[in-house]
Amino acid sequence: MIRRAVEQRPDDGYIVDSLGWAYYRLGRYQDAAIANLKAIRVDQKYAAEVGPPGGFAKMTLVTHNLHFGLGGAVMSGDEASARELSEVMAKSFPLAERKGFGAFAGASTYFVNARFDTAEEARALPDPGEGSPLTRAMW
């Protein structure tokens, strides 16, 4: 049913996101990563065209899609999708603005480093500072 909805409304981030969530719950992590990445791209396009209040990062399901997309990519070993989603996450939640849920979302980019970086690369990541304790703990 969700696949049919996506076929009918491929430019609706809420619907595309629903497919990603279903895949994640079924343990189809690669499919979840792809669907959530597509939902992010749909939402980025919408934000560029419409300019919602607060911009892309404040849209309702952006953090959800990024988080489940990152989880799916990390679980499935899809480094390219994980890095792309991590980059979007880092740009959407800059270090200086990581408060509340943004701190949790932004800190999750370190899962990508833990999964795909070499030990030397991970150790070379800069100290995020004391401004966001959760981000620093993940670092």
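In this predicted model, helix α2 meets helix α3 through Gly13, Val16, Asp17, Leu19, Gly20, Trp21, Tyr23 and Tyr24. On the α3 side, the residues that take part are Tyr29, Asp31, Ala32, Ala35, Asn36, Lys38, Ala39, Val42 and Asp43. Sorted by class, this contact has 10 nonpolar, 3 polar and 4 charged residues.

Two packed helices are described by the angle between their axes and the distance between the axes. Here α2 spans residues 13-25 and α3 spans residues 29-50. Their axes come within 8 Å and cross at roughly 165 degrees. Angles over 145 degrees count as roughly antiparallel, so α2 is roughly antiparallel to α3. The crossing of these two helices is left-handed.

The largest nonpolar core has 18 residues. Among its members, Ile40, Phe56, Val62, Leu66, Ala82, Leu85 and Val112 touch the most other members. Helix α3 is one of the helices that supply at least two residues each to this core; further suppliers are listed below.

| Helix | Residue range | Supply to the core |
|---|---|---|
| α4 | 62-76 | at least two residues |
| α5 | 79-92 | at least two residues |
| α7 | 109-116 | at least two residues |

Helix α4 gives the most to this core, with 5 residues. Apart from this core lies another one, of 8 residues, including Val6, Ile15, Leu19 and Ala39. Leu19 and Ala39 also belong to the contact of α2 with α3.

Which residues is valine 112 in contact with, leaving aside its neighbours within four places in sequence? They are Leu70, Val74, Ala82, Arg83, Ser86 and Asp117.

Conventions:
Residues are numbered from 1 along each chain as its sequence is written. This is a predicted model: local features need pLDDT of at least 70, side-chain atom pairs count only at pLDDT 80 or more; totals for chains, interfaces and linings use all residues. Side-chain values use heavy atoms; hydrogens and water are left out. Axes are lines fitted to C-alpha atoms, for helices over the stretch in contact, and angles run from 0 to 180 degrees between N-to-C directions. Helices (H or I, at least four residues) and strands (E, at least two) are DSSP runs, numbered from the N terminus. Angles under 35 degrees count as roughly parallel, over 145 as roughly antiparallel, 65 to 115 as roughly perpendicular and the rest as oblique. A crossing is left-handed if the near helix is turned anticlockwise from the far one by less than a right angle, and right-handed if clockwise. Contact means heavy atoms within 4.5 Å. Ala, Val, Leu, Ile, Met, Phe, Trp, Tyr, Cys and Pro count as nonpolar, Asp, Glu, Lys and Arg as charged, and the others, Gly among them, as polar. A nonpolar core is a set of buried Ala, Val, Leu, Ile, Met, Phe, Trp, Tyr and Cys residues joined through side-chain atoms within 4.5 Å. Buried means under 20% relative accessible area, exposed over 50%, partly exposed in between (1.4 Å probe, protein chains only).
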